Amino acid sequence: MKGSKKRTIGSHQLRPESLMMSYGYDPFLSEGAIKPPIFQTSTFVFRSAEDGKRFFEVAYGLREREPDEALGLIYSRINNPNLEILEDRLALWDEAERALVFSTGMAAISTTVLALCRPGDVIAYTAPAYGGTEYLFDRILPRYGVRAHALPAGLAEAEFKAALGELAKEAGERGGRLAMVYVETPANPTNELTDIAGLAELLKGFGPERPVLAVDNTFLGPLWQKPLSLGADLVLYSLTKYVGGHSDLIAGAALGSAELIARVAEMRTICGTVSDAHTAWLLLRSLETLQIRMERSAESAKKIVAWLESHPKVERVLVPGGKGCSERQREIYARQCLGAGSTLGVLLKGGEKDAFRVLNRLQLFKLAVSLGGTESLVSHPSSTTHSDYTPQTKARFGIAENLIRLSVGVENADDLIADLEHALGED
Ligand SMILES: Cc1ncc(COP(=O)(O)O)c(C=O)c1O
């Protein structure tokens with residue numbers, strides 16, 4: 001099943017977009033099929049009892065894997081060919097040593113946190129973060145003795161330093177550690193950026209037992225932001241969004257060093273939060289067009305932003321490093337991002353009623369939560385994804401009633417502008 005992992009032609013280094021069609025798959029081990037078949041099977045037959053024994057020794061960590069030894073196929077909660085090809089290909093985009101794919105983005109996040117935290121530990125996270133993540137951190141983890149503290153996205157370095165120092169002290173008093181700094185950047189839906197390299201540098205001061213720096217890269221990754229190259233330890237994804245890209249599947253991923261990912265893999269095997277062969281196959285299909293989809297959406301988003309910024313009914317467009325951002329935000333953008341992506345916040349003039357009028361009049365932009373699909377979507381964070389925030393928290397994190405969020409798809413940009421023009425216009 002496994003095929004070549006060659007990444008060069010002569011001395012020429014191949015890019016991920018070229019490797020998405022072939023990397024790690026040998027057609028001649030599957031009757032010449034150009035695409036990997038779907039291995040819709042729960043279990044795998046061992047050639048011998050000795051093989052079964054050897055495979056389990058590795059799977060259960062009873063011995064180290066030999067340098068060139070692949071983990072034999074055992075059972076689809078542990079491994080599956082579609083999943084393995086997908087993980088090998090996904091790792092290329094972020095230049096990670098290893099990737100793991102999960103049944104959902106939340107499965108990736110919760111399994112990672114369970115693997116790396118223990119009772120007494122403290123997590124610091126940037127807010128606003130995805131609602132499911134905040135729910136896990138604020139309401140579920142305390143039941144297991146892990147405390148999480150929200151720090152506003154985009155905090156200045158000195159403020160981060162002071163806050164993290166306090167949290168490390170608190171953790172010490174509870175007999176735990178500041179185990180993780182969890183960053184979602186850009187923040188949803190404000191597009192406020194947090195400085196990944198700055199935080200990585202700061203955490204070096206915590207010594208060898210330093211907290212793991214985990215970055216949810218769902219909004220800009222893997223094309224427009226590469227957290228591992230900026231010093232993060234782990235990258236997390238909701239693959240449901242840009243990577244899946246067609247709004248037809250749910251999945252997640254965690255990527256990082258082989259050592260860290262092995263700890264997360266153990267938890268995934270036992271919690272059973274792995275993805276299935278069919279979803280993995282769909283994701284392999286999606287990876288083939290990832291770059292052209294993300295580029296097309298970003299190009300259209302740029303055009304739409306320019307158009308919206310000159311519209312009389314628009315107060316401000318929230319784009320990473322965009323117009324109206326602080327000097328510091330623009331500086332982080334220049335160092336950290338390779339593009340602004342295609343998920344935008346739009347502050348309309350007026351209040352909720354005016355925002356709802358626009359939402360109800362849009363036709364190509366479909367009114368739904370989620371983002372990163374081929375179709376354009378629009379949502380109203382204040383009354384949906386962030387509706388459980390108190391008015392004070394909404395005000396603190398900029399979740400205004402006149403804020404709508406657009407996810408720009410791959411439709412014709414002029415058609416999307418025509419849709420917005422009609423929705424913003426008079427009857
Ligand atoms: C930034 C971010 N992270 C994580 C998730 C959770 O992913 P999933 O819905 O695939 O579980 C989402 C979902 O919207 C998200 O937007």
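Two strands count as paired if DSSP finds at least two bridges between them. Keep that in mind for strand S12 and strand S13 (residues 377–379), which run parallel to each other and are joined by two bridges. One spot to look for is Leu-367, which sits opposite Val-378 in S13. By the way, what you're looking at is a predicted model.

Now zoom out to the sheet around that pair. It is an open sheet of five strands with mixed pairing, and if you walk across it you meet them in the order S10-S11-S14-S13-S12. Which strands form the edges? They are strand S10 (314–318) and strand S12 (366–367), and each of these has a partner on one side only.

Let's step back to the protein chain. It splits into domain 1 (81–288) and domain 2 (290–424). Going by C-alpha atoms, the centres of domain 1 and domain 2 are 24 Å apart. So where do the two halves meet? Look for 27 residues of domain 1 in contact with 33 residues of domain 2. On the domain 1 side, helix H7 (196–204) and helix H9 (277–288) each provide at least two of the touching residues. That side of domain 1 is made up of 15 nonpolar, 10 polar and two charged residues.

Next, head inside. The largest nonpolar core has 115 residues, and domain 1 (81–288) and domain 2 (290–424) each give at least three residues to this core. The residues with the most contacts inside the core are Val-101, Ile-123, Met-180, Ala-253 and Leu-283. Take Met-180 as an example: leaving aside residues up to four places away in sequence, Met-180 touches Val-113, Leu-116, Cys-117, Ile-123, Pro-211, Val-212 and Ala-214.

While you're looking at the inside, find helix H3 (residues 81–94). Why can we call H3 largely enclosed by the rest of the structure? Because 13 of its 14 residues are buried, and a residue counts as buried if 20 or more other C-beta atoms lie within 10 Å of its own. Right after H3 comes Glu-95, with a positive phi near 50°.

Last stop: the ligand. There are 14 residues around the ligand, and the ones that come nearest are Thr-104, Gly-105, Met-106, Ser-238 and Thr-240. What kinds of residues make up this shell? Sorted by class, the shell has three nonpolar, nine polar and two charged residues.

How values were computed. Residues numbered from 1 in each chain as written. Predicted model: local features only at pLDDT ≥ 70, side-chain atom pairs only at ≥ 80, totals over all residues. Near = placed C-beta within 6 Å. Nonpolar A, V, L, I, M, F, W, Y, C, P; charged D, E, K, R; others polar. Domains from an automatic or database assignment. Contact = placed C-beta atoms within 7 Å. Helix = DSSP H or I, 4+ residues; strand = E, 2+ residues; numbered from the N terminus. Buried ≥ 20, exposed ≤ 12 C-beta atoms within 10 Å, placed from the backbone. Core = buried A, V, L, I, M, F, W, Y, C linked by C-beta atoms within 7 Å.
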